[in-house]
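Please open the structure in your viewer, with the sequence panel beside it, so that you can select residues as you read. Each stop on this tour says what to select next and what is there.

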Amino acid sequence: MEKEMSFTSTQLELVSTISAFTGEEACAISKGAVSFLIKGDGEVGEIIIDFDEKEIKFVDCNVDTKTYFAIVGFASCRDYTTEDYFTE
């Protein structure tokens with residue numbers, strides 16, 4: 001049986017736009033969040049769209065400056081905050 005997911009138009013727009021900006025598909029989708037694995041400079045980071053907190057989290061993420069600020073600006077226009085997180 002296939003699991004059905006439903007997103008608001010804003011959530012769907014965030015997911016599809018971040019996918020377009022990064023060139024990556026979502027690697028994990030749940031009711032409250034969508035995440036993308038971002039590979040760069042031999043490291044793997046993650047971008048997480050947290051729908052419950054209305055926040056985009058850059059976790060150990062090494063994306064180029066243009067992509068980073070495109071996502072930050074796009075998120076801000078959709079009333080989402082952004083934050084950088086480092087695990088080490």
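The tour that follows goes through a predicted model, strand by strand.

**The whole sheet.** Begin by showing the strands, and look for an open sheet of 5 strands, in which the order is E1-E2-E3-E4-E5 and the pairing is mixed. At the edges stand E1 and strand E5 (81–85), and since each has a single partner strand, one side of each is left without a neighbour in the sheet. Now add helix H2 (residues 65–77), which packs on the sheet and touches strand E3 (43–50), strand E4 (55–59) and E5. If you compare directions, that of H2 makes about 160 degrees with that of E4.

**Strand E1 and its surface residue.** Select residues 28–29, which make up strand E1, and pick out isoleucine 29 within this strand. Is isoleucine 29 buried, exposed or partly exposed? Its relative accessible area is 47%, and because the partly exposed class covers values between the limits of 20% and 50%, isoleucine 29 is counted as partly exposed. Add Phe7 and Leu12 to the selection, and you will have a nonpolar patch on the surface, formed by Phe7, Leu12 and Ile29, with about 260 Å² of accessible area together.

**From E1 to E2.** Next, select strand E2 (residues 33–40), which runs antiparallel to E1 and is joined to it by 2 bridges. Which residue of E2 is the bridge partner of isoleucine 29? It is valine 34, while alanine 28 stands opposite serine 35 in E2. The two strands E1 and E2 form a hairpin, with 3 residues between them. If you then show the surroundings of E2, you will find that 6 of its 8 residues are buried, so this strand is largely enclosed by the rest of the structure.

**From E2 to E3.** Keep E2 selected and add E3, which pairs with E2 in the antiparallel sense over 8 bridges. To follow this pairing, select glycine 40, whose bridge partner in E3 is glutamate 43, and then alanine 33, whose bridge partner in E3 is aspartate 50. The hairpin of E2 and E3 has 2 residues between the strands, and aspartate 41 in the turn has a positive phi of about 50 degrees.

**From E3 to E4.** Move on to E4, which runs antiparallel to E3 and is joined to it by 5 bridges. Here isoleucine 49 stands opposite isoleucine 56 in E4. In the hairpin of E3 and E4 there are 4 residues between the strands, and lysine 54 takes a positive phi near 50 degrees.

**Glutamate 55 and aspartate 79.** Now select glutamate 55, which has its place in strand E4. Is glutamate 55 buried or exposed? Its relative accessibility is 8%, and because buried means under 20%, glutamate 55 counts as buried. Leaving aside residues up to four places away in sequence, glutamate 55 touches Ile48, Ile49, Asp50, Tyr80, Thr81, Thr82, Glu83 and Tyr85.

For the last stop, select aspartate 79, which is placed in the loop between H2 and E5. With a relative accessibility of 61%, aspartate 79 counts as exposed, whereas glutamate 55 counts as buried. Aspartate 79 and glutamate 55 are 24 residues apart along the chain, and if you draw a distance between their C-alpha atoms, the separation is 8.8 Å.

Key. Residues are numbered from 1 along each chain as its sequence is written. This is a predicted model: local features need pLDDT of at least 70, side-chain atom pairs count only at pLDDT 80 or more; totals for chains, interfaces and linings use all residues. Side-chain values use heavy atoms; hydrogens and water are left out. Patches are made of residues with over 30% relative accessible area and no salt bridge: like charges are joined within 9 Å, nonpolar side chains (Val, Leu, Ile, Met, Phe, Trp, Tyr) within 5 Å. Accessible areas come from the Shrake-Rupley method with a 1.4 Å probe; for residues, only the protein chains shown count as cover. A salt bridge is a side-chain nitrogen of Lys or Arg within 4 Å of a carboxyl oxygen of Asp or Glu. Buried means under 20% relative accessible area, exposed over 50%, partly exposed in between (1.4 Å probe, protein chains only). Two strands pair if DSSP finds at least two bridges between them. Contact means heavy atoms within 4.5 Å. Axes are lines fitted to C-alpha atoms, for helices over the stretch in contact, and angles run from 0 to 180 degrees between N-to-C directions.
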